[in-house]
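Hi,

Here is the structure I promised to pass on. Have a look at it first, and then read on for what turned up when I went through it.

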Amino acid sequence: MKTPVNILLVEDSEDDAMLVLAALRRGGFEVAHERVDSAAAMQAALARPGWDAVISDYNMPGFTGLDALAIHQASGLDLPFILVSGAVGEEIAVQAMKQGASDYVMKQRLARLAPALERELEEAAARAAHREAQRTLIDTEQRYRQLVHALPVAMYTCDVQGKVTLYNKAAAELWGREPQVGKELWCGSWRIYDPDHGRPIPLEECPMAVTMRECRSVLGREIVIERPDGTRRHVLPHPQTIFDSSGVVAGAVNMLVDITERKRAEHEHAQLAAIVEGSNDAIVSRGLDGNILSWNAAAERMYGYSAAEAIGQPITMIVLPECRGGHQPVIDTVMAGATSATAETILVRKDGARV
């Protein structure tokens, strides 16, 4: 037995309606139906949900099958509409099909009705599944776009030709501009430079372009981008290729991490380390646990211990036992967030000599 169907039967003759229903049942359908014979009744019926198909006679007093077809079309429902008649010529049948009828069946050949309805129901189900898949795809794409736009890190995508298809607010702020979607290639940067040599990098050599051309992620390659206002930012791109369901490259997504502040901090740290290391004064740092953290060359000369020997050892290794109590007030002052006053003390070298 086929799936039960709920048929809206547009027919002025009760006898003809019974013939149509009998033909469907012989064809294996379990049928529920409602018979209407006027435009108003048909409109009222279509306003209620649950119909699977409309089967309409053509010749009815003051109301033709084409009128019924027009009402069906105006409803916006994607229901199979099959026209049934015994006295309509080929020209009317063709007209009905052009206006949107799913099929036309002669009453003298009602054996065709069940197969026609089965075919139209299958096609309607396929269309419904396609619409649902499209809705799901649109919903997924909208959620993806919302996610990308909500991210605090710069992110954008390109299609398989390398054209920018989507970027978020963080990317526009990083670039200092808003690129033209669907026109600009590879990225939205105004200009790109090599951080080591300062030479300009052509767009076709940027990490995103290389990733798409060679189908591999180009990670760890730092670049410098220049904004239209001339300011520059150090950026670490993370381009990744995107594949479709069949495994074919469909584009790429790129996340841009702004490492400008980190680079500045690294530079300042390197400068400070160079100053400390090059100083003629012994400079030693210690942790709150009392262990030595750093030991410069001047400290090596003053105290006789190499940095390798000193780092990690307690600071008391250079403090005379009888003087160790005097260091605690200095530590307490520093831990309280204040700067200790300059103080004179006596320390001891590796060879035992006092300094």
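Which residue takes a positive phi in the hairpin of strand 9 and strand 10? That would be Gly230, with a phi near 95 degrees, in a hairpin that has five residues between the strands. Before you read too much into any of this, keep in mind that the model is predicted.

Staying with that hairpin for a moment: strand 9 (residues 223-226) and strand 10 (residues 232-243) run antiparallel and are joined by four bridges. Glu226 sits opposite Arg232 of strand 10. On its other pairing, strand 9 is joined to strand 8 (residues 191-193) by three bridges, again antiparallel, and Ile225 is the bridge partner of Ile192 there. The side chains of strand 9 split two ways: Ile223 and Ile225 point one way, Val224 and Glu226 the other. All four are buried, Glu226 included.

These strands belong to an open sheet of six, in the order 7-6-11-10-9-8, with antiparallel pairing. Strand 7 (164-167) and strand 8 are the edges, each pairing on one side only. From one strand to the next, the twist averages 35 degrees. Over at the strand 7 end, strand 6 (residues 154-159) joins strand 7 through three bridges in an antiparallel arrangement, with Thr157 partnered by Leu166.

Two helices to look at against this sheet:

- Helix 5 (residues 113-150) packs on it, touching strand 6, strand 7 and strand 11 (249-258), and its direction makes about 65 degrees with that of strand 7.
- Helix 7 (residues 207-214) lies across strand 6, strand 9, strand 10 and strand 11, and runs at about 20 degrees to strand 10.

Now for the other sheet. Five strands form an open sheet with parallel pairing, in the order 2-1-3-4-5. Its edges are strand 2 (31-36) and strand 5 (103-106), each of which pairs on one side only. Ignoring direction, neighbouring strands here are turned against each other by 25 degrees on average. Within the sheet, strand 1 (residues 5-10) and strand 3 (residues 53-57) pair in the parallel sense over four bridges, and Val10 has Ser56 as its bridge partner in strand 3.

Helix 5 turns up again here: it lies across strand 1, strand 3, strand 4 (81-85) and strand 5, running at about 170 degrees to strand 5. So if you color by element, follow helix 5, since it touches strands such as strand 6 and also lies across strands such as strand 1.

On helix packing, the axes of helix 2 (residues 39-46) and helix 3 (residues 65-75) come within 10 Å and cross at roughly 30 degrees, which makes the two helices roughly parallel. The crossing is right-handed. Helix 2 contributes Ala39, Met42, Gln43 and Leu46 to the contact, and helix 3 contributes Ala68, Ile71, His72 and Ser75. By type, that contact has five nonpolar residues, three polar and no charged.

One last spot is Gly312, in the loop between helix 10 (307-310) and helix 11 (328-335). Gly312 counts as partly exposed because its relative accessibility is 42%. Leaving out residues up to four places away in sequence, Gly312 touches Asn291 and Ile292. Its C-alpha atom is 8.9 Å from that of Arg286, which is 26 residues away along the chain.

Cheers

Key:
Residues are numbered from 1 along each chain as its sequence is written. This is a predicted model: local features need pLDDT of at least 70, side-chain atom pairs count only at pLDDT 80 or more; totals for chains, interfaces and linings use all residues. Side-chain values use heavy atoms; hydrogens and water are left out. Axes are lines fitted to C-alpha atoms, for helices over the stretch in contact, and angles run from 0 to 180 degrees between N-to-C directions. Angles under 35 degrees count as roughly parallel, over 145 as roughly antiparallel, 65 to 115 as roughly perpendicular and the rest as oblique. A crossing is left-handed if the near helix is turned anticlockwise from the far one by less than a right angle, and right-handed if clockwise. Contact means heavy atoms within 4.5 Å. Ala, Val, Leu, Ile, Met, Phe, Trp, Tyr, Cys and Pro count as nonpolar, Asp, Glu, Lys and Arg as charged, and the others, Gly among them, as polar. Buried means under 20% relative accessible area, exposed over 50%, partly exposed in between (1.4 Å probe, protein chains only). Two strands pair if DSSP finds at least two bridges between them.
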